[in-house]
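Work through the exercises below with the structure open beside you. Try each task before reading its solution.

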Amino acid sequence: MTDRLSRGLRLVRLALFALLAACGVFLTVGPLRARAWSWVTRPRTADWWGAAGQWAGAVGTIAAVIVALWIAIGDNRRLQEDRREKAIKDRQEQASRVTTWIESAKESDKFLDGSPVSLYMVLSNANSEAISSVIVSFDIFKVLPTLTPYIYRGEDIGRDEFLYAILPPGKWRMPVHEGWQGMSAQPGVMVAFSDSRNCHWIRMTDGTLTEYSENVIQRRKIYFPQGISTPVPY
């Protein structure tokens, strides 16, 4: 529920209670236009009591309406909040099952050209559905959280970036070249993907999951079939 709508509902409730208070004051003070004591001691006719009963019934009706509105407004606000929380949870349900991490490589692990594999990036898609438009990118950081996601990189796929049109459920492993090591340098991995609902996500090096309005492949203007990798199960 927006702040503007919330303020509007508060004004409606205040107006209704002000109306109830005005009716109560009118019912109480109106007949006292004469002297208070004489009004109290004056004999009442059947018509007066009937009119007073009608006034009391009207005030009671207004009070009941205000209470019902108050309850309905509160229930509606809680319902809207529950729906909003459920929508967020549903949108994040599939994306939250896509995780990445770094693992060490063996000394015997080599690329096809014979150069050593420094380490591996591992991506786990624990969903029952595939994810699409996937970019897995090796990143070096010195301080967490990292605030420079690779969405700002150019249209070319980097040496230690992997582009997949579709990535099925399972674990997938991607090798990283040497040469990134340096003072205080720590290896990390970021992944961008679209889920089965066509929502676009980025999981940062520190694990933060962020939704974007546009897929990173489109944002970076990467055009297929440039550098599409074959998934290697792990």
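**Exercise 1. Find how many salt bridges the whole structure has, and classify the residues of each as buried or exposed.**

Solution.
- Step 1. This is a predicted model. Searching the whole structure gives two salt bridges.
- Step 2. Take the pair Arg97 and Glu93. Their side chains meet at 3.4 Å, N to O.
- Step 3. Check the surroundings. Buried requires under 20% relative accessible area, and exposed requires over 50%. Arg97 has 36%, so Arg97 is partly exposed. Glu93 has 37%, so Glu93 is partly exposed too.
- Step 4. Take the pair Glu161 and Arg220. Their closest N and O atoms are 2.9 Å apart.
- Step 5. Place this pair in the chain. Glu161 lies in strand 4, and Arg220 lies in the segment after helix 4 (216-219). The partners are 59 residues apart in sequence, so the bridge ties together distant parts of the numbering.
- Step 6. Check burial again. Both Glu161 and Arg220 are buried.

**Exercise 2. Work out which other partners the side chain of Glu161 has.**

Solution.
- Step 1. Start from its burial. The relative accessible area of Glu161 is 7%, under the 20% limit, so Glu161 counts as buried.
- Step 2. Look for side-chain partners. A polar contact of 3.3 Å links Glu161 to the side chain of Ser137.
- Step 3. Look for backbone partners. The Glu161 side chain reaches the backbone nitrogen of Gly158 at 2.8 Å.

**Exercise 3. Describe the largest nonpolar core and say which strands supply it.**

Solution.
- Step 1. Count the members. This core has 21 residues.
- Step 2. Find the centre of the network. Met121, Leu123, Val134, Val136, Met174 and Phe193 have the most contacts inside the core.
- Step 3. Trace the sources. Strand 2 (117-125), strand 3 (131-141), strand 4 (161-167), strand 5 (170-177) and strand 6 (186-194) each give at least two residues. Strand 3 gives the largest share, four residues.
- Step 4. Follow one member. Beyond its neighbours within four places in sequence, Val134 is in contact with nine residues' worth of listed partners, including Leu123, Phe162, Leu167, Phe193 and Ile217.
- Step 5. Look for another core. A second, separate one has 10 residues, among them Leu163, Met190, Ala192 and Val216.**Exercise 4. Give the strand order of the open three-stranded sheet and say which strands stand at its edges.**

Solution.
- Step 1. Read the order. The sheet runs 1-2-5, with antiparallel pairing.
- Step 2. Find the edges. Strand 1 (98-104) and strand 5 each have a single partner strand, so one side of each is left without a neighbour in the sheet.
- Step 3. Note the twist. Neighbouring strands are turned by 25° against each other on average, direction ignored.
- Step 4. Inspect one pairing. Strand 1 and strand 2 share seven bridges. Thr99 has Ser124 in strand 2 as its bridge partner.

**Exercise 5. Determine what joins strand 7 to strand 6 and to strand 8.**

Solution.
- Step 1. Take strand 6. Four bridges join strand 6 to strand 7, and the two run antiparallel. Ser194 stands opposite His200.
- Step 2. Inspect the hairpin between them. Five residues separate strand 6 and strand 7, and Asn198 takes a positive phi near 65°.
- Step 3. Take strand 8 (residues 209-212). Four bridges join strand 7 to strand 8, again antiparallel. Here the partner of His200 is Tyr212.
- Step 4. Inspect the second hairpin. Five residues lie between strand 7 and strand 8, and Gly207 has a positive phi near 90°.
- Step 5. Check the faces of strand 7 (residues 200-203). His200 and Ile202 are buried on one side, Trp201 and Arg203 on the other. Both faces are covered.

Note on methods: Residues are numbered from 1 along each chain as its sequence is written. This is a predicted model: local features need pLDDT of at least 70, side-chain atom pairs count only at pLDDT 80 or more; totals for chains, interfaces and linings use all residues. Side-chain values use heavy atoms; hydrogens and water are left out. A nonpolar core is a set of buried Ala, Val, Leu, Ile, Met, Phe, Trp, Tyr and Cys residues joined through side-chain atoms within 4.5 Å. Buried means under 20% relative accessible area, exposed over 50%, partly exposed in between (1.4 Å probe, protein chains only). Contact means heavy atoms within 4.5 Å. A salt bridge is a side-chain nitrogen of Lys or Arg within 4 Å of a carboxyl oxygen of Asp or Glu. Two strands pair if DSSP finds at least two bridges between them. Axes are lines fitted to C-alpha atoms, for helices over the stretch in contact, and angles run from 0 to 180 degrees between N-to-C directions. A polar contact is a pair of N or O atoms within 3.5 Å; within protein, one must be able to donate a hydrogen and the other to accept it, and residues adjacent in sequence count only if both atoms are side-chain atoms.
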